[in-house]
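Work through the exercises below with the sequence and the model side by side. Try each task before reading its solution.

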Amino acid sequence: MANRTTTAQNDTRSALGMAAPALIGLFLFVALPFTLAAILSFTNLRLGSPLPTRFIGLEQYARIFSEPSFRRALLNNAIFALVVVPLQTAIALGLALLLNRPLGGMAIFRTLFFMPVVFPMALVSVIWILIYAPGANGMMNSFLDFITFGLWEPRDFLRDPYLALPAIMLLSIWQGVGFQMVILLAGLQSIPSDLYEAAAIDGSNKWNQFRHVTLPQLRNTLIFVMLVTSILSFRLYDQIEIMTNGGPLDATTTVMYEAVTAAYQQQKMAKGAAMTVVFFLVVLMITLIQRTLIKEERAID
């Protein structure tokens, strides 16, 4: 009995020793910054202000939710997530299905589709600014004019209140779909071939195999991919900073853009901290929903 207790204690120490670097990293780079941000959000801290810092409770949150620009930022993030997450996931799943074939040259195509993920977002944004160039000679305007047989009128995508956010969505889908594709491709390759063989023996066609074998087996992978994409949707910043600066008329502003603007341009550190806390709570809610969906699936199984 004593030997078992000693062994268990040694195992616990070994486990804690191996987990210590990760735990320290989580504390230093996640828990501690969030705690400090939460504390700052209850104050009126503003850099360069002659007024003393004082505790104001929830007043900072009342202020940010009373601002039309922050409410518009939340709405833009929600619209962005509702459009990009399902559309990008569907495209990634289609690409994964196409590339999950025992044909020659598939590795090259997988690399080509994944390459945009490797490029820095700053570089991608600059390239797409050129693509969205206004006037008839702009690449996107020329392409739309060609496929509509001259019916398209040139538009300034990034300065149009109705087209700016869809333009950012298109860029984000193109840049991020390769990441989802790789994860879904790994999920497809982990599905036992016996399931497809059994379905084929039962007379199921390809569509039924996709519905009753592929999708159920990919459930957890799809939930994970949609969770990560949703979090990235609310972290949307680089494209906005480089391409639109939140405009026109706050049409593309986001929570992260508002937080960075408040903290570093307006030097309202407490205001920026309050916005980041709201962002954290939104991400936490999405994570809890994902965990609930997985628990429900395990309960059904």
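**Exercise 1. Find what covers the buried side of helix H5.**

Task: list the elements that cover the buried residues of H5.

Solution. Start with the ground rules. This is a predicted model, in which local features need pLDDT of at least 70, side-chain atom pairs count only at pLDDT 80 or more, and totals for chains, interfaces and linings use all residues. Residues are numbered from 1 along each chain as its sequence is written, and side-chain values use heavy atoms, with hydrogens and water left out.

Step 1. Look for contacts, meaning heavy atoms within 4.5 Å. The cover over the buried residues of H5 includes helix H4 (106-118), helix H6 (139-147), helix H7 (164-189) and helix H11 (238-243). Helices here are DSSP runs (H or I, at least four residues; strands are E, at least two), numbered from the N terminus.

Step 2. Name the residues under that cover. In H5 (residues 121-131), Met-121, Val-124, Ser-125, Trp-128 and Ile-131 are buried. These residues span an arc of only 110° around the axis, which puts them on the same side of H5. The arc is that of the directions from the helix axis to the C-beta atoms. Buried means under 20% relative accessible area, exposed over 50%, and partly exposed in between (1.4 Å probe, protein chains only).

**Exercise 2. Repeat the analysis for H6.**

Task: which residues of H6 are buried, and which exposed residues sit on the face turned away from them?

Solution. Step 1. Met-140, Asn-141 and Leu-144 are the buried residues of H6. They fall within an arc of 100° seen down the axis, so they line one face of H6.

Step 2. Turn to the face away from the buried side. Exposed Met-139 and Phe-146 are carried there.

Step 3. Check the packing. The buried residues of H6 pack against H5 and H7.

Step 4. Look just past the helix. Phe-149 takes a positive phi of about 55° just after H6.

**Exercise 3. Trace the largest nonpolar core.**

Task: which elements give two or more residues to the largest nonpolar core?

Solution. Step 1. Fix the term. A nonpolar core is a set of buried Ala, Val, Leu, Ile, Met, Phe, Trp, Tyr and Cys residues joined through side-chain atoms within 4.5 Å. In soluble globular proteins, nonpolar side chains tend to be buried together.

Step 2. Find the hubs. The largest core has 21 residues, and Phe-80, Trp-128, Tyr-132, Met-140 and Met-243 have the most contacts inside it.

Step 3. Assign the elements. Helix H3 (68-99), H5, H6, H7 and H11 each give two or more residues to this core. H7 supplies the largest share, 6 residues.

Step 4. Take one hub. Met-243 is in contact with Ser-125, Trp-128, Ile-129, Tyr-132, Leu-158, Ile-168 and Leu-171, leaving aside neighbours within four places in sequence.

Step 5. Look elsewhere. Another core, of 20 residues, lies apart from this one, and Ala-259, Ala-262, Val-278 and Val-282 are among its members.

**Exercise 4. Examine a buried glutamine.**

Task: what does Gln-180 touch?

Solution. Step 1. Place Gln-180 in helix H7. It is buried, with a relative accessible area of 1%.

Step 2. List its contacts. Not counting residues up to four places away in sequence, Gln-180 touches Gln-88, Thr-89, Ala-92, Val-225 and Thr-229.

**Exercise 5. Classify the ring pairs.**

Task: how many aromatic pairs are there?

Solution. Step 1. Apply the rule. Rings of Phe, Tyr and Trp (its six-membered ring) pair if their centres lie within 6.5 Å; planes under 30 degrees apart count as stacked, over 60 as edge-to-face and the rest as tilted. The count comes to 10 aromatic pairs.

Step 2. Take Phe-42 and Tyr-61. Their pair is tilted, with 5.9 Å centre to centre and 55° between the planes. Phe-42 lies in the loop between helix H1 (2-40) and helix H2 (59-66), and Tyr-61 in helix H2, 19 residues apart. Phe-42 is partly exposed at 28% relative accessibility, whereas Tyr-61 is buried at 14%.

Step 3. Take Trp-152 and Phe-157. Their ring centres are 6.2 Å apart and their planes at 10°, so the pair is stacked. Trp-152 is partly exposed at 24% relative accessibility; Phe-157 is buried at 6%.

Step 4. Join the pairs. Ring pairs link Trp-128, Tyr-132, Trp-152, Phe-157 and Trp-174 into a cluster.
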